[in-house]
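Here are a few notes from going through the model, point by point. Have the coordinates open while you read.

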Amino acid sequence: MRKNFGAKEWLYPMPVFIIGTYDENGNANVMNAAWGSIGDTAQIFLCLAPDHKTVKNLLAKKEFTVSLGTKSQVKACDYAGLVSGNSEPGKVEKAGFHAVKAENVDAPLFEELPFALECKFTSYDEKSGHLFGEIVNVCADEKILTDGTIDYKKLEPVTYDPINRLYITLGESVGHAFKDGLELKK
């Protein structure tokens with residue numbers, strides 16, 4: 001038997017996206033956003049309310065980064081979602097992040113977050129909050145690589161549990177994508 005909860009914004013896993021932008025004066029800003037996903041090949045989708053400092057920066061600069069929140073930085077990542085850049089200009093520093101300019105876009109990367117997408121703004125609908133960006137580069141600190149590829153065990157990304165308001169880490173591998181189901185095709 002199933003229990004019905006009605007329409008909710010519940011889905012597992014929900015990413016913990018840490019968005020980096022520069023304002024009109026070149027100051028770094030950071031924001032935590034859980035509502036987003038890959039939209040298409042080389043495209044990211046985010047759902048962001050228009051009153052966020054990040055949205056204002058995105059619309060002005062047209063470039064941004066999206067890092068993944070990590071286990072070691074969960075407090076800083078949570079802080080990035082609790083405090084608005086509109087009212088706290090020193091938000092990046094208070095979070096303990098060190099911003100460095102990304103190589104391919106005019107937006108900050110955060111040294112403490114080892115995986116990021118470098119993106120260019122594509123479109124934004126103020127009414128729905130739907131924002132799309134083109135992924136122009138994926139970068140990763142070498143400390144999270146194994147044999148030249150990203151190792152999720154070293155990255156330790158966290159996901160957001162919207163039902164219990166928790167951050168959780170990914171577990172063990174349970175199968176091989178595009179391979180294990182082939183047995184059923186016989």
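1. A cut-off before we start: a residue is called buried under 20% relative accessible area, exposed over 50%, and partly exposed in between. Bear in mind as well that this is a predicted model.

2. Take strand β5, residues 43-47, to begin with. Its covered face carries I44 and L46, while Q43, F45 and C47 sit on the uncovered one. That fits the usual pattern, since side chains in a regular strand alternate between the two faces of the sheet.

3. Which strands does β5 pair with? On one hand there is β4, antiparallel, over four bridges; on the other there is β10, also antiparallel, over five bridges. Within the β4 pairing, D40 has Q43 as its bridge partner. Within the β10 pairing, F45 stands opposite F132.

4. The β4-β5 hairpin leaves two residues between the strands, and A42 takes a positive phi near 60° there. Worth a look when you check the backbone.

5. How many disulfides are there? The count comes to zero. For C47, the nearest cysteine sulfur belongs to C119 and is 16 Å away. C47 counts as partly exposed because its relative accessibility is 24%, which falls between the 20% and 50% limits. C119 is in no disulfide either, with the sulfur of C139 as its nearest cysteine sulfur at 9.9 Å. C119 has 0% relative accessibility, so it counts as buried.

6. Now the pockets. The largest has a volume of about 560 Å³. It is lined by 29 residues, and M31, N32, A33, A34 and G81 are the closest to its centre. Strand β3 (28-33) and helices α1 (53-61) and α2 (74-82) each supply at least two residues of this lining. By class, the lining has 15 nonpolar, eight polar and six charged residues.

7. The second largest pocket has a volume of about 260 Å³. Of its 15 lining residues, F17, S37, I38, F115 and L117 lie nearest the centre. Two or more residues come from each of β4 (36-40), β6 (63-68), β9 (115-125) and β10 (130-140). Which element gives the largest share of this lining? That is β4, with four residues. The lining divides into twelve nonpolar, two polar and one charged residue.

8. One link to keep in mind while rotating the model: β4 and β10 both contribute to the second largest pocket's lining. β5 pairs with β4 and with β10.

Definitions and conventions. Residues are numbered from 1 along each chain as its sequence is written. This is a predicted model: local features need pLDDT of at least 70, side-chain atom pairs count only at pLDDT 80 or more; totals for chains, interfaces and linings use all residues. Side-chain values use heavy atoms; hydrogens and water are left out. On a 1 Å grid over the protein atoms alone, a cavity is a set of points where a 1.4 Å probe fits but cannot get out, and a pocket is an open set with protein on both sides within 12 Å along at least five of seven lines; lining residues have an atom within 4 Å of a point. Grid points are joined across faces, edges and corners, and a volume is the space filled by probe spheres set on the points. Ala, Val, Leu, Ile, Met, Phe, Trp, Tyr, Cys and Pro count as nonpolar, Asp, Glu, Lys and Arg as charged, and the others, Gly among them, as polar. Buried means under 20% relative accessible area, exposed over 50%, partly exposed in between (1.4 Å probe, protein chains only). Two strands pair if DSSP finds at least two bridges between them. A disulfide is a pair of cysteine sulfur atoms within 2.5 Å.
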